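Colleague: I have a model open and I'd like to learn how to read it. Could you take me through some features, with the general idea before each case?

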Amino acid sequence: MYGLVPFTHAASSLGSLPAMLAFSTEPLAHLRTLDIAVIAIYFAMVIWIGFYLQRRSNTSEEFFMAGREMTAWIAGLSFVSANLGSLELMGWAGSAYQYGILATNWYWIGAIPAMVFLGLMMMPFYYVSKTHSVPGYLGLRYGKHASIVAAISFAVEMILMSGVNMFAMAVVMKVVLGWDLNFSIIVSSVAVAAYVGLGGLRSAIFNEVLQFVLIWGGALLVPILGLVQSGGWTGLKAKIVVNMTSLTGVRPDSYFHIWRDTGSFAANPMGVHWTGIVFGLGFAISFGYWTTDFLVVQRVLAAHNLRAARMAPIIGSFFKMAVPFIVILPGLLGLVLLQNPDGSRRQLVGEDVVNSCVAPTSGGPVAEQAKCSAAMASTTLSDDYKQKVLNGAPGMELHSYNQALPLMMVRYLGPGLLGLGITALIAGFMSGMAGNVSAFSTVWTYDIYKPLFNNKGSDSHYVLVGRLSILIGVAVSIGAAYLVMHAHGIMDYVQALFSIFIAPLFAVIIFGMFWKRASSLAGFLGLLIGIIFSASLFMWVKLDPAALAHVALSPDAKPMAENVYRGLWAFIFSALVIIVVSLVTKARPDNELEGLVYGATVLPKEEPVPFYKSEWAWAGLVGIIFIALNVIFW
Amino acid sequence: MHGSGIPIWFFIGVLLVIYGGLIFGYGLVELSSGAYPAGVELTNLHAPIWWGGTLAILGVVYVVKFRPGQSK
C-alpha cells in the first residue's frame with residue numbers, strides 16, 4: 001500500500017513514526033459525537049460487506065481472484081486505491097510542504113507511463129497465462145526456483161508491511177486523536193481479519209473502491225477551501241514566493257516547477273537530478289512497482305475479461321493524475337495558511353527537531369533546552385519563534401511535515417466533515433492492511449503451500465488454507481506491529497525490503513515477457529543476485545552515509561535521490577546478469593513459452609469496439625493529458 | 001461488479017447518503033443556531049451544507065441506479 005512512497009520518502013518518514021510518540025501529549029484534533037458516528041458507520045459498513053460477500057467466496061477462484069469478474073472500473077479504482085494509503089497521503093502532503101510540486105513527479109512520471117504500459121503491453125501475458133500471482137507467472141516462465149524466491153520474499157514483505165501499516169495507523173491515531181495504541185491495533189486488525197477472511201479478495205477490492213470514494217469525499221474539501229482562502233492558484237504562488245524568499249537556498253518559484261530546476265542536484269529543494277527522476281523513478285522503480293508488485297497487479301488480474309484487464313490500469317491512471325490535487329496541493333497550501341494561535345505563520349519541521357523539543361506533559365518550557373536549541377539551529381525558524389518554542393508558549397509546540405495534512409483538515413473541517421476526513425485516513429490504513437493480507441494469502445497458498453507442501457488438495461482445502469493464512473497473517477502482523485513498537489530501528493529495514501526487491505523483479509519479468517532467449521537459470525540468478533546487489537547498495541549507504549554521493553552520482557544529492565538511483569543500478573545489474581547467463585545457457589523451446597512470452601504467444605482476438613471503448617484510444621488521451629500537465633507545470 | 005449480487009456502487013451510495021445526510025443536517029443546525037466550531041476557518045462558507053448536500057445527492061443517484069435487482 002505504500003506504493004512508491006517507500007522507495008523514497010516513507011522510508012524516512014515512517015522510520016520516524018515511533019519518534020512521534022515521544023511528543024504531542026495534546027492530540028491535534030478532538031472528535032465530537034458526530035465524528036465518532038461517522039467512523040462507527042464506516043466500520044459497520046465494512047463488516048457488513050464482509051458478511052455479505054462471504055457466501056460468494058466459496059471456491060478458490062472466488063476467494064483468491066474475486067471470481068475474475070470485476071469490471072474495468074472496479075479493477076481500475078481498486079488498482080489505484082491499493083496504492084493510495086494514508087501514509088502516502090500524509091507523507092506526500094509533507095513532502096509537498098518541504099519540496100513543492102516536485103513531489104508530483106512521483107504521481108505523474110513515476111506512475112502514468114508504467115500504468116499504461118502494464119495495461120497495453122503486459123496484461124495480455126499475465127491474463128492469458130491465467131496465473132494467480134506474479135510469483136506464479138515467474139514459476140510458469142522460469143520454473144520453480146525463481147518463483148519460490150519471489151514468493152517467499154513477497155510473503156515476508158507483505159506480512160511485515162501489514163504490521164508496519166498497523167503500527168503506523170496506531171501512531172497516527174494517537175498523535176492526531178490521542179487514541180490508545182493497543183486500541184487502534186486491535187480494532188483495525190479484527191476488522192481486517194473479519195472482512196478479508198470472510199470475503200477474500202472480493203471484499204478487499206470492494207473496500208478499496210469504498211476507500212477511494214471516502215478519500216476524495218473526505219479530503220477534497222481541504223484544497224478547495226484552502227484555495228478560496230489563499231486567493232486561488234495565483235494567490236497561493238504569490239504568497240509562497242513572499243514567504244519562502246528568505247527561507248531556502250533555492251529559488252522560491254522552484255516550488256511550482258517539476259522539471260525546470262532538476263538540471264542540477266543543488267538547484268531544487270529535493271536534491272534530485274532529472275536523470276534520476278526519468279530513468280530511476282520513471283523507469284526502474286515505477287515500472288517495477290506498477291507492473292510487478294503483486295499487491296496492485298492482483299487487482300487487475302481479477303478483471304472479467306482481457307479488455308477489462310487492459311482498461312483497468314488506464315482508467316486508474318486518470319485518477320492517479322488527479323491525486324496531487326488532494327495530496328500535493330494541501331501541502332503547498334499549508335506553507336502559507338497554517339498559523340500559530342498568535343497569528344504568525346506556523347512552520348513545520350522535521351521529526352528529529354520535534355522529538356528534540358518535547359515539553360513536559362504538565363506544560364511549561366521544553367525539557368531539554370540545549371538539545372532543542374541545537375536541533376532548531378538547522379531550521380529556518382526565526383529567533384523569536386525558537387524562543388517561544390523553548391518557553392513552551394501556548395500553541396507554539398512544533399509539528400512535523402507529516403502533520404501538514406491533518407493540520408489542514410483540523411483547520412477547515414468541522415464536526416462531521418472532520419470525522420469523514422479521519423475515516424478516510426482509517427480506511428486508507430485498513431485497506432492497506434487488507435491488501436497486504438489478501439496478497440499474502442494468495443501467494444502463500446498458491447506459490448508456497450501448494451508447490452512445497454501439498455499439491456493434491458481439493459479446491460475447498462485451498463480456500464480453507466487461504467482463510468487460515470489470513471488469520472495467521474493478521475496475527476503475525478500484530479506481532480510485527482509490536483516488534484516495530486519496541487525495536488524502532490527495524491522499520492527502516494522493513495520499508496527497504498520493498499524497494500530492494502522491486503527493481504530486480506522487474507528486470508526478471510520484463511526480460512521473461514519480451515525476450516524468448518531468457519533462460520530459467522538466468523531468471524533465478526537475475527532475481528537472486530539482483531536482490532543481493534540492491535540490498536548491498538542499501539546497506540552501503542546505511543553504514544556510510546557519505547556513500548550516497550557515489551550511489552546518486554553527486555555530493556549534492558539528498559536522500560530522496562538515493563532510492564531512485566539504487567533502483568536504476570539494481571535494474572541494470574539484474575538485466576546484465578540475465579543477459580549474460582541466458583547467452584551461456586539453453587533457452588526453453590518456443591512451444592513451452594506459449595502464453596508467456598511476446599513472439600511465442602498468439603493473443604486472443606478481441607471483438608472490435610467503437611474507438612471510445614478502445615484501450616488504445618484512452619491510453620492516447622492519458623498520454624496527451626500527461627504531456628500537457630508536465631508542460632504546464634514545467 | 002460484473003455478475004449478480006449487490007454492486008459495490010450500491011454500498012457506496014448508501015454510505016454517501018448516510019454521511020451526506022448527517023453532515024448536511026449538522027450544517028443546517030449550525031446555520032440556524034449560529035454556533036460555529038471554534039478554530040475552524042471559513043465557517044461563513046457553510047461547507048457542511050453544500051458538501052454534505054453534494055454527497056447525499058450523489059449517494060441517492062448511486063442507490064437508485066445500482067439498487068439490487070436493477071438490470072444493467
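Modeller: Let's begin with what counts as a helix: a DSSP run of H or I with at least four residues, numbered from the N terminus. Keep in mind that this is a predicted model. A:Ile531, for instance, has its place in helix α24 of chain A, which covers residues 520-543.

Colleague: Is A:Ile531 buried or exposed?

Modeller: The idea is to count neighbours: a residue with 20 or more other C-beta atoms within 10 Å is called buried. A:Ile531 has 23 other C-beta atoms within 10 Å, so it is buried. Setting aside its neighbours within four places in sequence, A:Ile531 is in contact with A:Ile500, A:Phe501 and A:Pro504. For a sense of distance, the C-alpha atoms of A:Ile531 and A:Gly364 are separated by 50 Å, with the two positions 167 residues apart along the chain.

Colleague: And which residues does A:Phe79 touch, leaving out those up to four places away in sequence?

Modeller: Here the trick is to look past the sequence neighbours. A:Phe79 touches A:Val296, A:Arg299, A:Val300, A:Ala312, A:Pro313 and A:Gly316. Take A:Val296: it is 217 residues from A:Phe79 in sequence, yet their C-alpha atoms are 5.3 Å apart in space. A:Phe79 itself is found in helix α5 of chain A, residues 72-81, and counts as buried because it has 33 C-beta neighbours inside 10 Å.

Colleague: Now for whole helices. How many residues of α21(A) are buried?

Modeller: Do the same residue by residue, then tally along the helix. In α21(A), 31 of the 36 residues are buried, so you can call the helix mostly covered. Helix α21 of chain A runs over residues 417-452 and reaches 50 Å from its first C-alpha to its last, close to the 52 Å expected at 1.5 Å a residue. There is a bend too, of about 35° at A:Trp444.

Colleague: What about a short helix such as α8(A), residues 134-142?

Modeller: Same reading. Since 8 of its 9 residues are buried, α8 of chain A is largely enclosed by the rest of the structure. The buried residues in α8(A) are A:Val134, A:Pro135, A:Gly136, A:Tyr137, A:Leu138, A:Gly139, A:Arg141 and A:Tyr142. Just after α8(A), A:Gly143 takes a positive phi of about 105°.

Colleague: How do α8(A) and α21(A) sit against each other, and at what angle do they cross?

Modeller: Compare the directions of the two axes; angles under 35 degrees count as roughly parallel. The axes of α8(A) and α21(A) come within 9 Å and cross at roughly 25°, which makes α8(A) roughly parallel to α21(A). At the contact, A:Pro135, A:Gly136 and A:Gly139 of α8(A) meet A:Val443, A:Tyr446 and A:Asp447 of α21(A). That set divides into 3 nonpolar, 2 polar and 1 charged.

Colleague: Can you show me a pair at another angle?

Modeller: Try helix α3 (residues 33-54) and helix α10 (residues 181-219), both of chain A: their axes come within 8 Å and cross at roughly 75°. That makes α3(A) roughly perpendicular to α10(A). Residues making the contact include A:Phe43, A:Val46 and A:Ile47 from α3(A), along with A:Ala191, A:Tyr195 and A:Leu198 from α10(A). By type, the contact residues come to 11 nonpolar, 5 polar and 1 charged.

Colleague: How many residues does each chain bring to the contact between chains A and B?

Modeller: For chains, you list the residues in contact on each side. Here 30 residues of chain A are in contact with 23 residues of chain B. On the chain A side, α3, α10, α11 (221-230), α20 (404-412) and α21 each supply at least two residues. Helix α3(A) gives the most, with 7 residues. The chain A side divides into 20 nonpolar, 7 polar and 3 charged.

Colleague: Last one: which phi value does B:Leu42 have?

Modeller: With phi, check the sign and then the residue type. B:Leu42 has a phi near 55°, a positive value in a residue other than glycine. B:His46 also has a positive phi, about 55°, although it is not a glycine. B:Leu42 lies in the loop between α1 (8-33) and α2 (47-65) of chain B, and B:His46 has its place in the loop between α1 and α2 of chain B. B:Leu42 is partly exposed, with 15 other C-beta atoms within 10 Å, and B:His46 counts as partly exposed with 15 C-beta neighbours inside 10 Å.

Methods
Residues numbered from 1 in each chain as written. Chains lettered and ligands numbered in written order. Predicted model: local features only at pLDDT ≥ 70, side-chain atom pairs only at ≥ 80, totals over all residues. Axes fitted to C-alpha atoms, helices over the stretch in contact; angles between N-to-C directions. Parallel < 35°, antiparallel > 145°, perpendicular 65-115°, else oblique. Contact = placed C-beta atoms within 7 Å. Nonpolar A, V, L, I, M, F, W, Y, C, P; charged D, E, K, R; others polar. Expected span 1.5 Å × (residues − 1). Bend = angle between axes of the 7 residues up to and from the residue. Buried ≥ 20, exposed ≤ 12 C-beta atoms within 10 Å, placed from the backbone.
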